[in-house]
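Colleague: I am new to this structure and would like a short introduction. Could we go through it together?

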Amino acid sequence: MADTRTAYTRWVRRASCAAVAALVGATLHAQAPTGEQQVTGMRRLTQEQYRNAVADVFGDDIQIAGRIDPIVRPPHGLQIMDVSRIAVSLSGGEEYNRMALAIANQVVDEKHRGALVVCKPRDAAAADDECAAKFFLRVGKLIMRKPFALKDVQAQVAAAGSATRLTKDFYSGLALSLATMLQSPEFLFDMDFVEPDPTRPGSTRLSGFSKATRLSLFFWNTTPDAMLLDAGGRGDLHTKAGLAKQVDRLLASPRLETGVRAFFGDVLGFDAIGDLAKDTVIYPQFNQDVKRDMPEQTMRTLVDLLVTRNGDYRDLFTTRDTFLTRGLGAVYGVPVEQATGWAKHQFAADSPRIGLLTQMSFLATHSHDGRSSPTLRGKALRELILCQAIPDPPANVNFTLVNDTKNEKLKTVRDRLTVHRENPACSTCHRRMDPVGLSLENFDGVGAFRSHENGVLIDTSGELDGSKFDSPATLGQAVHDNPGVPACLAKRATEYAVRRPLTPGEAPWLKAVQTRFGSNGYKLRALLRDIATSEQFFGTASSTATPAKAPGVVKAVGTTKEVTK
């Protein structure tokens with residue numbers, strides 16, 4: 001028995017090492033041709049995409065305990081752009097291994113095997129190649145997002161048989177073989193398989209299966225379903241009619257909400273909320289439940305407006321319709337009758353609450369831990385909503401005056417910032433940020449309303465690109481009417497779709513998308529459809545005007561093996 005355990009442990013270690021090696025060397029394999037196909041690019045699945053893919057293949061009751069290497073947000077860009085930087089640390093590879101084994105063990109446990117394995121072995125203590133083959137034939141295509149060839153099935157069956165002979169348990173052997181698939185580059189990365197384009201001799205195109213994956217990640221933030229894979233396999237996605245049919249199906253699905261949430265979570269920088277902290281002495285109403293609920297309020301608001309009602313994107317900044325929990329109601333100063341869950345709410349016409357900019361997800365996130373920040377709020381509006389990059393402050397800037405909230409002469413932050421802007425090194429950027437953020441000073445560091453600061457009535461007047469306003473409501477209208485706002489969303493949507501910055505050669509495409517966005521009434525569904533049915537959406541690294549450097553250099557960096565691009 002001891003010998004069996006030892007052999008079993010060695011087998012698991014070999015499988016783990018092989019999986020990690022496959023990860024850190026994935027782009028090297030990507031250069032090798034697969035029949036007539038070749039891989040020209042690859043992007044790592046995000047944490048959310050990984051979890052969604054597992055749930056779609058095996059069911060949403062499969063528990064995933066672990067966390068993959070984080071995706072880093074580039075300066076002034078979307079977090080999704082970092083997925084093209086192929087880097088897996090050794091600890092990240094080990095985490096993939098642990099998660100894969102835990103997932104595979106659940107798939108074959110007594111609770112799930114009846115539904116997921118779909119056959120029973122003749123002897124549960126021995127290998128059964130026929131039953132194992134049925135299992136891998138069923139899940140292989142969904143896991144790999146492309147045809148699972150006979151040789152691939154045979155390899156997984158052989159691995160399951162070897163493990164079973166050591167463990168004396170068919171299901172343990174099946175789980176170990178499945179775990180190696182869940183650590184393969186084909187599952188963990190979105191890979192661009194290209195093939196010769198029969199309509200353009202000498203050119204290549206993205207394969208139908210790669211197109212299916214790109215569509216599914218864009219619309220649903222997950223792996224493609226069987227119908228989409230079948231359409232890719234038939235070649236439907238290479239025709240305008242076939243592509244339009246699948247795009248319309250994806251847009252009509254309730255699962256579109258998942259993709260929209262992922263997109264706006266990235267656009268609005270909600271990844272920063274996880275590290276958000278507030279001084280509980282100053283803001284006792286800000287607790288973990290409120291912190292959890294505030295981004296969800298915004299998500300429910302925009303899904304209701306843009307997906308359910310197919311409304312005008314610009315109305316996100318002037319709508320008074322939203323959703324609240326009792327905890328959020330306490331901060332907003334409105335009663336919420338139901339003790340748990342969410343309730344629809346409409347702020348009164350004379351309420352200072354109007355649109356996204358007066359919601360806690362914006363106000364609290366872009367403030368300090370113990371006070372508000374017109375500068376951070378103005379910077380966020382410029383960068384997130386208008387796509388205007390604001391440089392970081394010089395390292396030697398002195399913020400003592402701005403932080404002095406007890407200053408007897410300069411009692412309001414407007415007064416203190418006016419003096420602070422006298423520094424030439426600060427004036428240029430602050431003139432762009434402060435006039436916007438100061439109009440939101442009726443809301444404190446967590447977003448609760450106030451009319452005075454240190455006993456002085458707060459002045460909420462401001463200016464945005466020539467439009468003057470005197471309240472949060474008129475600020476919301478100025479943002480609504482600013483042509484840069486929908487233009488920015490169209491830009492972010494195209495960047496999110498291709499998961500990288502746009503090249504100079506793609507500027508005409510972006511301009512056309514922005515124009516059609518306006519012609520279609522600034523409707524999100526129309527914007528997403530326009531992008532997904534465009535030729536540029538399915539471009540590859542080799543087909544863009546300024547292609548990314550080809551992958552394929554593997555180097556060791558400290559304790560991390562990194563595949564650089």
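**Cavities and helix packing**

Modeller: Please keep in mind that this is a predicted model. Let us begin with the lining of the largest cavity, which by class has five nonpolar, two polar and four charged residues.

Colleague: Which residues line the largest cavity?

Modeller: The lining consists of Met144, Arg145, Lys146, Glu186, Phe189, Asp190, Met191, Phe193, Phe209, Ser210 and Thr213.

Colleague: Where does the largest share of that lining come from?

Modeller: Strand E2 provides the largest share, with four residues. Both E2 (189–196) and helix H10 (208–220) supply at least two residues each to the lining of the largest cavity.

Colleague: What is the volume of the largest cavity?

Modeller: The volume of the largest cavity is about 80 Å³.

Colleague: And how many cavities of 30 Å³ or more does the structure hold?

Modeller: There are six cavities of 30 Å³ or more. The second largest has a volume of about 70 Å³.

Colleague: What lines the second largest cavity?

Modeller: Its lining is formed by Leu268, Phe270, Leu356, Ser361, Phe362, Thr365, His366, Leu384 and Ile385. Helix H16 (360–363) and helix H17 (374–385) are the elements that give two or more residues to this lining.

Colleague: How do the residues of that second lining divide by class?

Modeller: The lining of the second largest cavity has six nonpolar and three polar residues, and no charged ones. In the lining of the largest cavity, by contrast, four residues are charged.

Colleague: Let us change topic to the helices. What describes two packed helices?

Modeller: The description uses the angle between the two axes and the distance between them.

Colleague: Then at what angle do H6 and H7 cross?

Modeller: The axes of helix H6 (residues 129–144) and helix H7 (residues 150–167) cross at roughly 130 degrees and come within 9 Å. H6 and H7 are therefore oblique to each other. Their crossing is right-handed.

Colleague: Which residues meet there?

Modeller: From H6, the residues are Asp129, Ala132, Ala133, Phe136 and Leu137, and they meet Val153, Gln156, Val157 and Ala160 of H7. By class, this contact has seven nonpolar residues, one polar and one charged.

Colleague: How do the axes of H7 and H8 cross?

Modeller: The axes of H7 and helix H8 (residues 170–181) come within 7 Å and cross at roughly 135 degrees. That makes H7 oblique to H8. The crossing of H7 and H8 is right-handed.

Colleague: And which residues make that contact?

Modeller: H7 contributes Gln156, Ala159, Ala160, Ala163, Thr164 and Thr167. From H8 come Phe170, Ser172, Gly173, Leu174, Leu176, Ser177, Leu178, Thr180 and Met181. The contact of H7 with H8 has eight nonpolar and seven polar residues, and no charged residues. Gln156 and Ala160 of H7 appear in the contact with H6 and in the contact with H8.

Colleague: One last pair, please. At what angle do H13 and H24 pack?

Modeller: Helix H13 (residues 256–267) and helix H24 (residues 524–532) pack at an angle of about 90 degrees, and their axes are 13 Å apart. H13 is therefore roughly perpendicular to H24.

Colleague: Which residues of H13 and H24 meet?

Modeller: Leu256, Val260, Phe263 and Phe264 of H13 meet Leu524, Arg525 and Leu528 of H24. This contact comprises six nonpolar residues and one charged residue, with no polar ones.

Key
Residues numbered from 1 in each chain as written. Predicted model: local features only at pLDDT ≥ 70, side-chain atom pairs only at ≥ 80, totals over all residues. Heavy atoms only, no water. Axes fitted to C-alpha atoms, helices over the stretch in contact; angles between N-to-C directions. Parallel < 35°, antiparallel > 145°, perpendicular 65-115°, else oblique. Left-handed = near helix turned anticlockwise from the far one by under 90°. Contact = heavy atoms within 4.5 Å. Nonpolar A, V, L, I, M, F, W, Y, C, P; charged D, E, K, R; others polar. 1 Å grid on protein atoms, 1.4 Å probe; cavity = no way out; pocket = protein on both sides within 12 Å on 5 of 7 lines; lining within 4 Å. Points joined across faces, edges and corners; volume = space filled by probe spheres on them.
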